[in-house]
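Ready for some practice with a protein and DNA? Keep the structure open while you work through these exercises, and try each one before you read its solution.

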Protein chains: 2
Amino acid sequence: MTPQNIDYQRYLQELQQSPFLKDSSTKSLNRLLSQMTVEHWSAKSFKNSLEVASTFHFIVSGRLKVFKSNPDSGREHTVFVLSDGDVFDVLSLLDSEPHDVYWEALDVLEVLKIPMAQMRLWINEYPAMHKAILYYLGDRMRQLMDVATDVTLHSTLVRLAALLLKNINGETNKLQLINNLPNDEIAGLIGTTRSVVSRHIQELKRCGAISVSRKKINVKNLEVLLSIAEENYIP
Amino acid sequence: MTPQNIDYQRYLQELQQSPFLKDSSTKSLNRLLSQMTVEHWSAKSFKNSLEVASTFHFIVSGRLKVFKSNPDSGREHTVFVLSDGDVFDVLSLLDSEPHDVYWEALDVLEVLKIPMAQMRLWINEYPAMHKAILYYLGDRMRQLMDVATDVTLHSTLVRLAALLLKNINGETNKLQLINNLPNDEIAGLIGTTRSVVSRHIQELKRCGAISVSRKKINVKNLEVLLSIAEENYIP
DNA sequence: CCAGAACAGCCCCCTAGGTACCACTTCTAA
DNA sequence: TTAGAAGTGGTACCTAGGGGGCTGTTCTGG
């Protein structure tokens, strides 16, 4: 991509705001962007690990879920929801081992892509990047540990309440990152099924914690949600 | 520790065999070892994240489980079992954020320790280490993703069978890393409770997949275990 | 503007797996 | 050596939550 591109400045700005690239100089980011191309993924488009392995992606806008699935039962478990400023796949960047993960766009997705090999070269030119990557990975690992243990340590209701709390914008009290998701997707996020989520949403409505309109959850009472998430709620 | 130490050579050898340090020169490892001290943890001794945060540990012998727990219900979920050549805590090495994880020795544990700050200095002197760390982290992240999704995607029986298969020594057909563990600990590894494990062990005995003596499981029939782990077993 | 898809809200049923209790075995200290 | 404690394993009972289905409503694309 050349600086003549209409969206060039917007892309550059997005790169600068990314936690993954936050310590990089504008000059190095310009160099990076010059090697990238844009791609638009339609909502619900779907890739597996192999397709993604040889290209490094940077999300400009939209949301992407990273999940594993059991083809026999059809069940899915979402591990991450990535959005603006996130990158994938970090693991393919570190080594070339495959892993059976799937990616699916939750909205229309705008990504910048660059061949994996070129990305590796770019990183080696800027040793400061190693630290940034380690930091980014550390953050992801913490999240993963929580996902890994949540299912066994907490009930589905507690997990749902915790999910809502985790994704509330402190000022507006509105959901972010997981807003406008159908019950299906919420179920995947807490490792259960749609019907259970639906059932619990009714419970939360009943005790005044939330109100609901189609694909939209509004948090009404933080205290109640908190007490549920901390497991000292007697319904 | 000085080279005069009786166990010095043994420790050096262990360091060389570690996947974490495998690309380091003998010279650099000698420098590292000189700054380390030995410590012995008795079986079942117990540390939390805060105690471990400021010191970097390297396991010489013995096993250590890394787990999260829910104090209310008393349930635990083991995320990793570390042993010879493994190190902890890698996350505290990357940044100084706390994470609520616990460590507990499964056997008598022999560790080499070094202040975290010194370890960071050592790493910065050997830039090749960055790559090794990234690789090591990548490996751990893959494992974590599996742990995270296993619970929702597979039944407890399938997870138990998979656990056994994952830990069988190819030649001797004996369990390693998870041998001599009580049902309690096995339960923690697959995210369930002791009684469920006990029940499934009875099933596996009944269909000839394993035989059992106190704290010891012997794998008798790999095919049966495999078909269970792949979910095409009709009990 | 309409047909079909996507989505949420119930149901009911039913079993995987968690709780609780008991029984046996091994260890420890007197 | 022996009583108790601690560690370990087996099992009967019960419930959280998964499966499937059916309805009404809203959204989407032709």
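## Exercise 1: DNA strand C

To set the scene, a sugar or linking oxygen of DNA strand C sits 3.3 Å from an N or O atom in the side chain of A:Arg214. Keep in mind that this is a predicted model.

**Task.** Find out which elements give two or more residues to the surface near DNA strand C.

**Solution.**

Step 1. Go to the helices: H9 of chain A and H9 of chain B are the elements that each give two or more residues here. H9(A) has the largest share, with 4 residues.

Step 2. Now look at who lines the strand. DNA strand C is surrounded by 18 residues, and the closest are A:Asn183, B:Thr156, B:Thr192, B:Ser195 and B:Arg199. Of the strand's atoms that come within 4 Å of the protein, 55% are sugar and phosphate.

Step 3. Zoom in on two of those residues. B:Thr156 has a polar side-chain atom 2.6 Å from a phosphate oxygen of DNA strand C. For B:Arg199, a polar side-chain atom is 2.5 Å from a base oxygen of DNA strand C.

Step 4. Sort the surface by class: you get 2 nonpolar, 8 polar and 8 charged residues.

## Exercise 2: DNA strand D

**Task.** Work out how many residues of the surface near DNA strand D are nonpolar, polar and charged.

**Solution.**

Step 1. Start with the whole set: 20 residues surround DNA strand D, and A:Thr192, A:Val196, B:Asn183, B:Arg194 and B:Gln202 are the closest.

Step 2. Split them by class, and the tally is 2 nonpolar, 9 polar and 9 charged.

Step 3. Ask where they come from. Helix H9 (194–206) of chain A and helix H9 (194–206) of chain B each supply at least two residues, and H9(B) makes the largest share, 6 residues.

Step 4. Check what part of the DNA is involved. Among the atoms of DNA strand D within 4 Å of the protein, 52% belong to sugar or phosphate, and the rest belong to bases.

Step 5. Pick out some contacts. On the phosphate side, a polar backbone atom of B:Asn183 is 2.9 Å from a phosphate oxygen of DNA strand D, and a polar side-chain atom of B:Ser198 is 3.2 Å from a phosphate oxygen of that strand. On the base side, A:Arg199 places a polar side-chain atom 3.2 Å from a base oxygen of DNA strand D.

## Exercise 3: A sheet in chain A

**Task.** Trace the order of the strands in the open sheet of chain A that includes E1 and E6.

**Solution.**

Step 1. Read across the sheet: the 4 strands go E1-E8-E3-E6, and they pair antiparallel.

Step 2. Find the edges. Strand E1 (37–41) and strand E6 (87–88) of chain A each pair on one side only.

Step 3. Look at how E6(A) is attached. Strand E3 (residues 55–61) of chain A is joined to E6(A) by 2 bridges, and A:Phe58 has A:Val87 as its bridge partner in E6(A).

Step 4. Add the helix. Helix H1 (residues 8–17) of chain A lies across E1, E3 and strand E8 (109–115) of chain A, at about 105° to E3(A).

Step 5. Keep going past E6(A) to a cis peptide bond, which joins A:Phe88 and A:Asp89 with omega at about -5°. A:Asp89 belongs to the loop between E6 and helix H4 (90–94) of chain A.

## Exercise 4: A sheet in chain B

**Task.** Find which helix of chain A packs on the open sheet of chain B that contains E4 and E5.

**Solution.**

Step 1. Set up the sheet: its 4 strands are in the order E2-E7-E4-E5 (chain B), with antiparallel pairing. The edges are strand E2 (46–48) and strand E5 (75–82) of chain B, and the twist averages 30° from one strand to the next.

Step 2. Look inside the sheet. Strand E4 (residues 64–70) and strand E7 (residues 102–105) of chain B share 4 bridges, and B:Lys65 stands opposite B:Glu104 in E7(B).

Step 3. Now for the helix: helix H6 (residues 128–153) of chain A touches E4 and E5 of chain B, and its direction makes about 145° with that of E5(B).

Step 4. Chain B has a helix there too. Helix H8 (residues 183–190) of chain B touches E4, E5 and E7 of chain B, at about 85° to E5(B).

Conventions: Residues are numbered from 1 along each chain as its sequence is written. Chains are lettered from A and ligands numbered from 1 in the order in which they are written. This is a predicted model: local features need pLDDT of at least 70, side-chain atom pairs count only at pLDDT 80 or more; totals for chains, interfaces and linings use all residues. Side-chain values use heavy atoms; hydrogens and water are left out. A residue is near a molecule or strand if one of its heavy atoms lies within 4 Å of it. A polar contact is a pair of N or O atoms within 3.5 Å; within protein, one must be able to donate a hydrogen and the other to accept it, and residues adjacent in sequence count only if both atoms are side-chain atoms. Ala, Val, Leu, Ile, Met, Phe, Trp, Tyr, Cys and Pro count as nonpolar, Asp, Glu, Lys and Arg as charged, and the others, Gly among them, as polar. Two strands pair if DSSP finds at least two bridges between them. Contact means heavy atoms within 4.5 Å. Axes are lines fitted to C-alpha atoms, for helices over the stretch in contact, and angles run from 0 to 180 degrees between N-to-C directions.
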